[in-house]
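These are my notebook entries on two topics, the cysteines and one of the sheets. The sequence and the structure come before the entries.

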Amino acid sequence: MNAREFARRRRALMRQVGREGVVVLTAAQPKVRNRDVEYLFRQDSDFFYLTGFAEPAAVAVLIPKREAGEYVLFCRERDPAREQWDGPRAGLEGALEQFGADDAFPIDDLDDILPGLIEGRTRVYHAMGAQPEFDARLVQWMTTPRRDAGELPQELVSLEHMLHDMRLYKSRSEVALMRRAAVVAAQAHRRAMQCCRPGMFEYEVEAELAHTFRRAGARTSYPPIVASGVNACILHYIDNDKSCADGDLLLIDAGCEIESYASDITRTFPVNGRFSDPQRAIYELVLKAQYAAIEAVQPGNHWNAPHEAAVRVITRGLVRLGLLKGSVAKLINDEAYRRFFMHRTGHWLGMDVHDVGDYKVGDAWRELEAGMVLTVEPGIYIAPGSKGVPRKWWGIGVRIEDDVLVTGSGHEVLSADVPKEVEEIEALMASAPGDLPASARHRRSRARRATPVGAAS
């Protein structure tokens with residue numbers, strides 16, 4: 001992402017705010033994992049969207065004016081002693097030269113300078129709640145007159161609605177990054193399919209995902225779900241510590257992040273490389289529902305159209321399989337399908353995996369428009385011991401998820417590189433990539449000698 005893109009976003013936001021307002025944004029704070037160990041720092045998405053600045057301890061101020069407006073950045077100064085420990089800082093010079101600030105001040109001078117920047121404005125736009133201590137300081141600056149100061153702002157306005165609506169529409173640069181993230185995640189899912197064999201632990205498969213992400217310079221966009229057997233019926237299973245048994249399905253929900261833009265892909269496949277008849281019946285029903293939902297991703301359709309399409313297909317299919325009984329229309333109206341399909345079919349995708357943006361405008365579902373990106377991810381989950389359900393279905397959990405861009409004439413599946421037809425999956429799992437680790441190649445050979453290809457659950 002180049003500096004012009006960030007400058008364009010700032011200008012667009014300042015035009016919406018108007019010359020009576022001022023925007024104040026805070027960078028993310030480092031989070032302690034345990035004792036003196038911190039989590040890997042990741043910048044606040046809103047802050048990064050407008051600045052491209054990836055350091056903590058920073059505050060950005062956007063001041064609309066008659067011309068382009070003014071962008072002021074408060075950040076840490078250069079400190080060779082600290083940089084020896086923590087790495088280089090941009091400093092005030094970098095804020096001006098690299099990140100396009102019109103002016104830059106030390107973060108330690110915030111109390112002295114920022115109150116003067118908001119004086120004379122009637123409204124302050126700010127995202128409240130993320131940093132309560134800063135929020136309290138901002139309110140104090142807005143309500144405490146200074147000697148010889150100008151008029152104080154009278155209104156504190158939530159920034160989220162305006163800014164998050166901007167983020168919902170992806171630019172060409174953003175779509176390019178999301179394509180890259182989808183391509184890398186697709187490579188990781190393909191690798192997982194090829195290396196998986198009975199006896200592997202879920203965390204071993206997870207390691208193959210991480211290997212692919214890091215080789216491409218990407219990081220996980222959320223904790224991966226690697227759920228074998230009955231674990232696939234736990235929607236947010238992340239323990240990833242069980243053995244993958246012969247005859248089980250493996251559900252992998254994993255994506256990566258490149259330059260703060262995420263992918264989010266789910267595939268479900270048989271550990272031994274071949275679907276049993278019950279597994280295939282459920283899998284092909286979910287796949288049919290996903291195709292119908294993706295087809296409903298069209299400009300002019302409303303947000304809920306893909307979900308409604310998936311629900312219709314899944315409900316009819318569950319009736320056909322004998323897992324639901326009654327009129328399809330009534331079952332849909334009564335939401336009987338939620339026993340087996342209990343989540344929605346997708347969410348917005350972007351800088352956050354569950355990205356920002358309203359799903360409704362007033363009481364109506366939002367209309368899909370070009371530049372929006374969403375996931376499409378129907379699923380069926382049949383918990384072990386489900387009352388009234390034949391045993392052959394127990395423990396089958398299937399979800400299929402792709403990242404879909406709304407285009408001017410339809411849609412584009414960004415994650416199309418991952419196989420999802422039954423025959424494609426089985427063929428890929430039978431192939432042998434040359435760069436698999438020796439342990440995986442050995443396990444493949446052992447599984448071929450010892451495992452019946454068509455073993456059923």
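Entry 1, cysteines. Why does the sulfur of Cys-195 form no bond with the closest cysteine sulfur? I began by noting that the model is predicted. I then looked up the closest cysteine sulfur to that of Cys-195 and found it in Cys-196, at 6.3 Å, which is too far for a bond. I recalled that a disulfide is a covalent bond between the sulfur atoms of two cysteines. The cut-off I applied is a sulfur pair within 2.5 Å.

I turned next to Cys-244. The closest cysteine sulfur to its own also belongs to Cys-196, and the distance of 5.0 Å is again too far for a bond. I extended the search to the whole structure, and it returned zero disulfides.

I also checked accessibility. Cys-195 has a relative accessible area of 1% and is buried. Cys-244 likewise counts as buried, at 1% relative accessibility. For both entries I used the limit of under 20% for buried.

Entry 2, an open sheet. In which order do the strands of this open sheet lie? I recorded three strands in the order β10-β11-β14, with antiparallel pairing. The edges are β10 (225–228) and β14 (265–270); each has a single partner strand, so one side of each has no neighbour in the sheet. I noted that neighbouring strands here are turned against each other by 10° on average, with direction ignored.

I then followed one pairing in detail. Strand β11 covers residues 249–254, and four bridges join it to β10 in the antiparallel sense. Within this pairing I located Ile-225, which stands opposite Asp-253 of β11.

Methods: Residues are numbered from 1 along each chain as its sequence is written. This is a predicted model: local features need pLDDT of at least 70, side-chain atom pairs count only at pLDDT 80 or more; totals for chains, interfaces and linings use all residues. Side-chain values use heavy atoms; hydrogens and water are left out. Buried means under 20% relative accessible area, exposed over 50%, partly exposed in between (1.4 Å probe, protein chains only). Two strands pair if DSSP finds at least two bridges between them. Axes are lines fitted to C-alpha atoms, for helices over the stretch in contact, and angles run from 0 to 180 degrees between N-to-C directions.
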